[in-house]
Amino acid sequence: MRDPPPVNEHQVPMFLRDKKSYDFNDWDLTTQQILPYIDGINHVQRIAVEADVDLNLVKTCLQNLLYYEVITTVPIFQYSNVYTVTPEINRLMEDKELQQECIRYVARSKHAAPTFRSVFKLYCGLRPATTVKDLCSRYDPRSLRINERHLIQFGVMQGLLRRLHKYPVKMVTDNGLQQAHEVHKYMTGQFNYDEICCKTKKSSRELDEIINQDDQIAVCWK
């Protein structure tokens, strides 16, 4: 088995199966301490804060859980996120078992499942320049009995969707003046919005405001 990839503070850990199906009594105390905060919503940095555990220890524990395929990691869910389908979407069309698994996962209620046609329509509605908010405004997933957060999570976990990230780049100026804002040091094209927000404790909206006020900053999508 290959070593798991590094765990970053802006990633969100998720259990691959129902949490109740695991027996964690044999796991170390630190892992047991962070387990209650792994809910598919909290990112790694927030888990460390909520559990009152050193961030590096949390990363080590999560990397161990990744190694044993207990969890996976997905990007932070926000309605401003942009996703696009991958070629794996064809697998969803052909695999009936995967279709049923998908329907169960994305359903808003166990008693009222959505149709596969509705689920597939929403996946195909995700494309560059379309945010999750745009998708919800256009199709109203709730009226289709679909939980939009679970729709995205399932798509990412199964490789059906790929998140498109924004990478701000601060243009170099000739005057060599010291960077005016603390976030500017991360605007090198190497850090995406999620990473910058975690490192600076700013929301994506606050980051948008900083970028929109500075015509020397360009944003690359990839």
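Colleague: How much space lies in the largest pocket?
Modeller: The model is a predicted one. Of the 24 residues that line this pocket, the closest to its centre are Met14, Phe15, Arg17, Asp18 and Tyr105. The space in the largest pocket is about 700 Å³.

Colleague: Which element gives the most to the lining of the largest pocket?
Modeller: Two or more lining residues come from each of β1 (12–15), α5 (96–106) and α8 (148–157). The most, five residues, come from one element. That element is α8.

Colleague: How many residues in the lining of the largest pocket are charged?
Modeller: The lining is divided by class. Nine residues are nonpolar and five are polar. The charged residues number 10.

Colleague: Are Val12 and Met14 of β1 buried or exposed?
Modeller: Residues count as buried under 20% relative accessible area. Strand β1 is covered on both faces, with Pro13 and Phe15 on the other side from Val12 and Met14. Val12 and Met14 are buried.

Colleague: Which residue in β2 is the bridge partner of phenylalanine 15?
Modeller: Strands β1 and β2 (residues 71–74) run antiparallel and are joined by four bridges. In β2, the partner of phenylalanine 15 is isoleucine 71.

Colleague: What volume does the second largest pocket have?
Modeller: Among its 16 lining residues, His43, Arg46, Ile76, Cys197 and Cys198 are the closest to the centre. Helices α2 (44–51) and α9 (193–200) are the elements that give two or more residues to this lining. By class, the lining has six nonpolar, five polar and five charged residues. The volume of the second largest pocket is about 370 Å³.

Technical notes. Residues numbered from 1 in each chain as written. Predicted model: local features only at pLDDT ≥ 70, side-chain atom pairs only at ≥ 80, totals over all residues. Heavy atoms only, no water. 1 Å grid on protein atoms, 1.4 Å probe; cavity = no way out; pocket = protein on both sides within 12 Å on 5 of 7 lines; lining within 4 Å. Points joined across faces, edges and corners; volume = space filled by probe spheres on them. Nonpolar A, V, L, I, M, F, W, Y, C, P; charged D, E, K, R; others polar. Buried < 20%, exposed > 50% of the residue type's maximum accessible area, 1.4 Å probe, protein only. Pairing = 2+ DSSP bridges.
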